[in-house]
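Visitor: Could you take me on a close look at one part of this protein? I am new to this, so please explain the terms as you go.

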Amino acid sequence: MVKPLCVVLAATLALLFPQSLLAFDEQPHALVPMVDVGLDPGHSYSDVGAAGGGLREFEVTLPIAMRVKELLEESGLSVSLSRDDHCPLTDFSEPDPTDRVRVEQEARIAAVGNARVFVSIHLNGFGDHRVRGAETYYNRDNHGKESEELATSIHRHLLSGVREATGYWLPDRGVKDDLWAGKPYGHFFSLRGDMPSVLVEAMFLSNPQEAALMGLEETREAVARGIAEGIMEYFAQ
Ligand SMILES: [Zn+2]
């Protein structure tokens, strides 16, 4: 769990900005109260994710998640983030790559504490750079009905929000059962926490047009608003 670079960074920031100490205060998870929404900005500098147009997934998902948090809090929902800097939660030391992902995703689920729902925010990547659009995953074997409802609501608002705010007709790749992705280990590890869980892939960084759009504040705001509005609608049902 020791993250030398991050620890040094935290100590330096704490010296420069004593008020930032709070951000690095590690509370035992058992003491974290129930929150409405656990938000997981996908990836970290140890696990960069997709890349394109000069952007790396982990650097884009964090500001989007922080903006979703703000919007949800403005609407009265309580929110916790799995990370608020670019550091991973685990040391990625397992020899097996699948174990590395599993351990990190389990840590992220634990990090949001006792949440009513879990939403992991990602950007997609694919070898064929023409592929673009939004897709949203859920695990039918984990609070399946609620997870699918949450996924459907987020997906619909993400599509309409981006289309209306940016004029870009974000293609609809669908709300998908995560087994469709064909991972050798089955369900996504991030969708295995004991709560309705969704993983949203807002756009493809491997597509030059979508990568260029994600470089714009306007697009990131529209993505964040779409995700937040989808979550709000789920809770209003
Ligand atoms: Zn990702």
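Guide: Happy to! Let us begin with a term: two residues are in contact if their C-beta atoms, placed from the backbone, lie within 7 Å. This is a predicted model, in which local features need pLDDT of at least 70, side-chain atom pairs count only at pLDDT 80 or more, and totals for chains, interfaces and linings use all residues. Residues are numbered from 1 along each chain as its sequence is written.

Our starting point is Val119. Leaving aside neighbours within four places in sequence, Val119 is in contact with Val37, Leu39, Asp40, Val198, Val200, Ile227 and Ile231.

The next term is burial: a residue is buried if 20 or more other C-beta atoms lie within 10 Å of its own, exposed if 12 or fewer, and partly exposed in between. A nonpolar core is then a set of buried Ala, Val, Leu, Ile, Met, Phe, Trp, Tyr and Cys residues joined through C-beta atoms within 7 Å. The largest such core here has 51 residues, and Val119, Leu158, Val198, Val200 and Ile227 touch the most other members. In soluble globular proteins, nonpolar side chains tend to be buried together. Across the protein, buried residues make up 41% of the 237 residues.

Now for the helices and strands, which are DSSP runs (H or I, at least four residues, for helices; E, at least two, for strands) numbered from the N terminus. The protein has six helices and eight strands. Ile227 and Ile231, two contacts of Val119, are among the buried residues of helix α6, as are Thr219, Gly226 and Tyr234. The cover over the buried residues of α6 includes β1 (35-41), β5 (115-124) and β8 (197-204), along with helices such as α4 (144-166). How far should α6 span? The expected span is 1.5 Å times one less than the number of residues, so the 20 residues of α6 (residues 217-236) should span 28 Å, and the end C-alpha atoms are indeed 28 Å apart.

Strands β1 and β5 also help cover the buried residues of another helix, α3. Those buried residues are Glu104, Gln105, Arg108 and Ile109. Seen down the axis of α3, they fall within an arc of 140°, so they line one face of the helix; the arc is that of the directions from the helix axis to the C-beta atoms. Just after α3, Gly113 takes a positive phi of about 80°.
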